[in-house]
Amino acid sequence: MKKLNKTALLLIDMQSPFLERELSSKLKLIPHQIVLIRHCAENCIPIIVIEFNGEGKTIFPLSKELSKASSRTDIYTFKKDMDDAFENRELQKKLQILGIKKLILTGINAGHCVHATAISASRLGYKILTSENLIAGYIPDGIDKNHKERVVLWYKQNGKYVKDYKEFL
């Protein structure tokens, strides 16, 4: 368990309005996120839920799992008004208090909200861990053909981006 020492899970924007476009690719995340929430609970890894103000609560399958996990690990919820979760200064304060050095990022809007949060986290000195099966939601190819490739390249160059998150568990 040492390799995930000083690690927290950030669950970003898993709210109904964000699931509407590209539904099938986004729904594929949920079983992986549930496994990851359970893993964090079993290993006392803090879980941080990020919700965009005005977009409702985290979807039921995940909120149900978070409720179960709350008896075994600390769970914190932070609201945000912009793509970057770190615009809420309380997030950084909580991570510092917890002694967190690494962040596992999962969520939707991988090319916007997750990416903006990852950029800030990297600038603040956190090591970023994510995978192909933990994030989804990029600008559709018809609008920006190379968006996903650029974002994935950023994750690879500035953190650890793998095909399957189980590689870093």
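Let me start with the surface: the protein chain has an accessible surface of about 8,400 Å², and carbon and sulfur atoms hold 52% of that area. Please keep in mind throughout that this is a predicted model.

Turning to the overall fold, the protein chain contains 7 helices and 7 strands, and if you follow the sequence from its beginning, these elements come in the order β-α-α-α-β-α-β-α-β-α-β-β-α-β. The radius of gyration of the protein chain is 15 Å, close to the 15 Å that the globule rule gives for 169 residues, and so the chain is as compact as a globular protein of that length. Taken along the principal axes, the box that the C-alpha atoms fill is roughly 45 × 30 × 30 Å. If we count contacts with a separation of 6 or more, 82% of them in the protein chain join residues 24 or more positions apart. As for charge, the chain carries 27 positive and 19 negative side chains, and the centres of these two sets lie 7 Å apart.

Now to the interior. Of the 169 residues in the protein chain, 50% are buried. In soluble globular proteins, nonpolar side chains tend to be buried together. Here, the largest nonpolar core has 57 residues, and the ones with the most contacts inside this core are Ile48, Leu95, Leu103 and Tyr155. Which helix gives the most to this core? That is helix 3, residues 29-42, which supplies 7 residues. To look at one of the well-connected members, Leu95 touches Ala8, Ile48, Phe86, Ile100, Leu103 and Tyr126, once residues up to four places away in sequence are set aside.

Phe86 brings us to Ser120, which sits in helix 6, residues 113-123. Is Ser120 buried or exposed? Its relative accessibility is 14%, and since buried means under 20%, Ser120 counts as buried. Leaving out residues up to four places away in sequence, Ser120 touches Asp84 and Phe86, so that Phe86 is a contact of Ser120 and also of Leu95.

Strand 3, residues 75-80, gives us another example in Ile75. With a relative accessible area of 26%, Ile75 is partly exposed, and, again not counting residues up to four places away in sequence, Ile75 touches Ile47, Val49, Leu66, Ala69 and Ser70. For a sense of distance, Ile75 and Pro17 are 58 residues apart along the chain, and their C-alpha atoms are separated by 23 Å.

Finally, a word on the backbone. Most residues other than glycine have a negative phi, and most peptide bonds are trans. Where in the chain is Lys6, whose phi I would like to show you? Lys6 is placed in the segment before strand 1, which spans 7-12, and its phi is near 60°, a positive value in a residue other than glycine. Lys6 counts as partly exposed, at 45% relative accessibility. Cys44, for its part, lies in the loop between helix 3 and strand 2, the latter spanning 47-52, and the phi of Cys44 is near 55°, which is again a positive value in a residue other than glycine. At 58% relative accessibility, Cys44 counts as exposed.

Notes. Residues numbered from 1 in each chain as written. Predicted model: local features only at pLDDT ≥ 70, side-chain atom pairs only at ≥ 80, totals over all residues. Heavy atoms only, no water. Core = buried A, V, L, I, M, F, W, Y, C linked by side-chain atoms within 4.5 Å. Buried < 20%, exposed > 50% of the residue type's maximum accessible area, 1.4 Å probe, protein only. Helix = DSSP H or I, 4+ residues; strand = E, 2+ residues; numbered from the N terminus. Contact = heavy atoms within 4.5 Å. Rg over C-alpha atoms; globule rule 2.2 N^0.38 Å. Areas by Shrake-Rupley, 256 points an atom, 1.4 Å probe, with all protein chains shown as cover. Lys, Arg positive; Asp, Glu negative; His and termini not counted. Charge placed at Lys NZ, Arg CZ, Asp CG, Glu CD.
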